[in-house]
Amino acid sequence: MSIELEDIIKPENIVYKKTPVLTDNVMHYCPGCLHGVVHKIIAEVIEEMGIQDKTIGVSPVGCSVLAYNYLDIDWAEAAHGRAPALATGISRLHPEKYVFTYQGDGDLASIGCGEIMHACNRGENIVVIFINNAIYGMTGGQMAPTTLLGQVTATTPYGRDAKLNGFPLRITELIAQLDGTCYVTRQTVHTPAAVRKAKAAIRKAFENTKKDKGTSFVEIVSTCNSGWKLDPIQANKWMVENMFPKYPLGDMKDI
Amino acid sequence: MAKFRGAIVVDKEKCKGCGLCVAACPAKVLDLAKEVNGKGYHYSQMVNPEACIGCASCGLVCPDAVITVYKINVQ
Ligand SMILES: Cc1ncc(C[n+]2csc(CCOP(=O)(O)OP(=O)(O)O)c2C)c(N)n1
Ligand code: SF4
Ligand code: SF4
Ligand code: SF4
Ligand SMILES: [Mg+2]
């Protein structure tokens, strides 16, 4: 018996499709940018937990500044680096809501370094999604605190030099030391298995909010193929070879 | 003989031709089209549909959530 495509492509045979928590807007991200994958798994978690009307996101300044166009939930847009402060206010006023920030490495580890430290130290009952692509993507690929030694960016044209530019900041390791955090993990999303793991981590983080456990911090080691000047597949490979040794994956804290 | 048959549908006009799904497919089902969509991207398509096992690897890695995956048991 030969099976035709029409026999397979039927609504009852769907095993994977776009979650309705994602809007139909076309994302503005560059082709292959992993911001989109992270948006998608956050949206899937929100759908699966049935908390679409109880979730409030705080978007950053950075390429994901327009995240509010892509997840059909309530949002606030913070000034650069100030998402944790805004999330603090929102979650204290609405303790029944699921409040999360979505921040890049420039936003969180550079201009917003003080904000995130104190929010995590206070143990605000929020989720932080931290997208570490080792660069300022939005503004054209300048050095970020997380930029690797030797990495060429618009502001380190000869590669990041520790003497001149300091060392790559493993801010997630620092945050794991803070007593306000209950769950601190580093994930990625470049393979199907990694996507599943990262989604499970985000799910755990949102479950922690329900249990009022404090701050859950999920770093996603990510890419910026435009800023890195690589194609999307090469960018994923570069991330594996260069980012993972400096930013090893796994849980740092889970209490 | 394969236990499962799968198929995918790409929202052609929304695909950005990044190729991540092509790289993620374990059965070499996908490739980017020679033609481009309205935005000028070489969209992803099945070039070897009989090999699809409906594993959804392509869908999982697609940053733009434009892949729908179908799967049937053919035992
Ligand atoms: C107060 C202020 N300072 C500087 C900027 C310029 N600026 C916009 S985005 C950005 C950094 C973005 O990098 P990151 O947070 O890593 O996000 P990505 O684009 O890489 O996802 C900077 C410095 C700004 N918009 N506002
Ligand atoms: S500039 Fe970089 S981070 Fe921004 S959308 Fe493009 S690839 Fe993604
Ligand atoms: S469902 Fe699996 S086998 Fe089919 S195209 Fe996608 S990745 Fe390939
Ligand atoms: S991963 Fe998605 S956007 Fe990229 S080529 Fe495949 S279908 Fe198109
Ligand atoms: Mg960045």
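In this predicted model, the magnesium ion (ligand 5) has three protein donors, Asp105(A) (OD), Asn133(A) (OD1) and Ile135(A) (O), lying 2.0 to 2.2 Å from it. Chain A contains ten helices and eight strands. Seven strands of chain A form an open sheet of mixed pairing, and a further open sheet of three strands is built from β1(A), β4(B) and β1(B).

**Magnesium site**
- Along the chain, the donors of the magnesium ion (ligand 5) follow the spacing D-x27-N-x1-I.
- Asp105(A) donates through OD, Asn133(A) through OD1 and Ile135(A) through O.
- Two of these donors, Asn133(A) and Ile135(A), are buried.
- Asn133(A) also belongs to the residues that surround ligand 2.

**Surroundings of ligands 2 and 4**
- The shell of ligand 2 consists of Tyr29(A), Cys30(A), Cys33(A), His35(A), Cys63(A), Asn133(A), Gly137(A), Cys224(A), Asn225(A) and Ser226(A).
- By residue class, the shell around ligand 2 holds five nonpolar, five polar and no charged residues.
- Ligand 4 is surrounded by residues of chain B, namely Cys15(B), Lys16(B), Gly17(B), Cys18(B), Gly19(B), Cys21(B), Ser44(B), Cys62(B), Pro63(B), Val66(B) and Ile67(B).
- The shell around ligand 4 divides into seven nonpolar, three polar and one charged residue.
- Ile67(B), one of the residues around ligand 4, is also the bridge partner of Val10(B) in the pairing with β4(B).

**Sheet shared by chains A and B**
- The strand order is β1(A)-β4(B)-β1(B), and the pairing is antiparallel.
- β1 (14-16) of chain A and β1 (4-10) of chain B stand at the edges with a single partner strand each, so one side of each has no neighbour in the sheet.
- Neighbouring strands of this sheet are turned by 35° against each other on average, direction ignored.
- Two bridges join β1(A) to β4 (residues 67-73) of chain B, and these strands run antiparallel.
- On the chain A side of β4(B), Ile14(A) stands opposite Tyr70(B), and Tyr16(A) stands opposite Val69(B).
- β1(B) is joined to β4(B) by seven bridges, again antiparallel.
- Five of the seven residues of β4(B) are buried, so the strand is largely enclosed by the rest of the structure.

**Seven-stranded sheet of chain A**
- The strands of this open sheet follow the order β3-β2-β4-β5-β7-β6-β8.
- β3 and β8 (250-254) of chain A are the edge strands, each pairing on one side only.
- On average, neighbouring strands are turned by 15° against each other, direction ignored.
- Within the sheet, β4 (residues 98-104) and β5 (residues 127-132) of chain A pair in the parallel sense over five bridges.
- In that pairing, Tyr102(A) has Ile129(A) in β5(A) as its bridge partner.

**Selected residues of chain A**
- Val58(A) lies in strand β2 of chain A and is buried, with a relative accessible area of 0%.
- The C-alpha atoms of Val58(A) and Tyr68(A) are separated by 8.3 Å, with the two residues ten apart along the chain.
- Ser64(A) is found in the loop between β2 (55-59) and β3 (74-77) of chain A.
- The relative accessible area of Ser64(A) is 2%; because the cut-off for a buried residue is under 20%, Ser64(A) counts as buried.
- Ser64(A) and Asn165(A) are 101 residues apart along the chain, and 26 Å separates their C-alpha atoms.
- In helix α5 (residues 113-122) of chain A, the buried residues are Ile116(A), Met117(A), Ala119(A) and Cys120(A).
- An α-helix has 3.6 residues a turn, so residues three or four places apart point the same way.
- Gly123(A), just after α5(A), takes a positive phi of about 70°.

**Overall dimensions of chain A**
- The radius of gyration of chain A is 18 Å, which agrees with the value near 18 Å for a compact globule with 255 residues.
- Taken along the principal axes, the C-alpha atoms of chain A fill a box of roughly 70 × 45 × 30 Å.
- Of the 255 residues in chain A, 56% are buried.

Terms used. Residues numbered from 1 in each chain as written. Chains lettered and ligands numbered in written order. Predicted model: local features only at pLDDT ≥ 70, side-chain atom pairs only at ≥ 80, totals over all residues. Heavy atoms only, no water. Donors = N, O, S within 2.8 Å, 3.2 Å for Na, K, Ca; no water. Buried < 20%, exposed > 50% of the residue type's maximum accessible area, 1.4 Å probe, protein only. Pairing = 2+ DSSP bridges. Helix = DSSP H or I, 4+ residues; strand = E, 2+ residues; numbered from the N terminus. Axes fitted to C-alpha atoms, helices over the stretch in contact; angles between N-to-C directions. Near = heavy atom within 4 Å. Nonpolar A, V, L, I, M, F, W, Y, C, P; charged D, E, K, R; others polar. Rg over C-alpha atoms; globule rule 2.2 N^0.38 Å.
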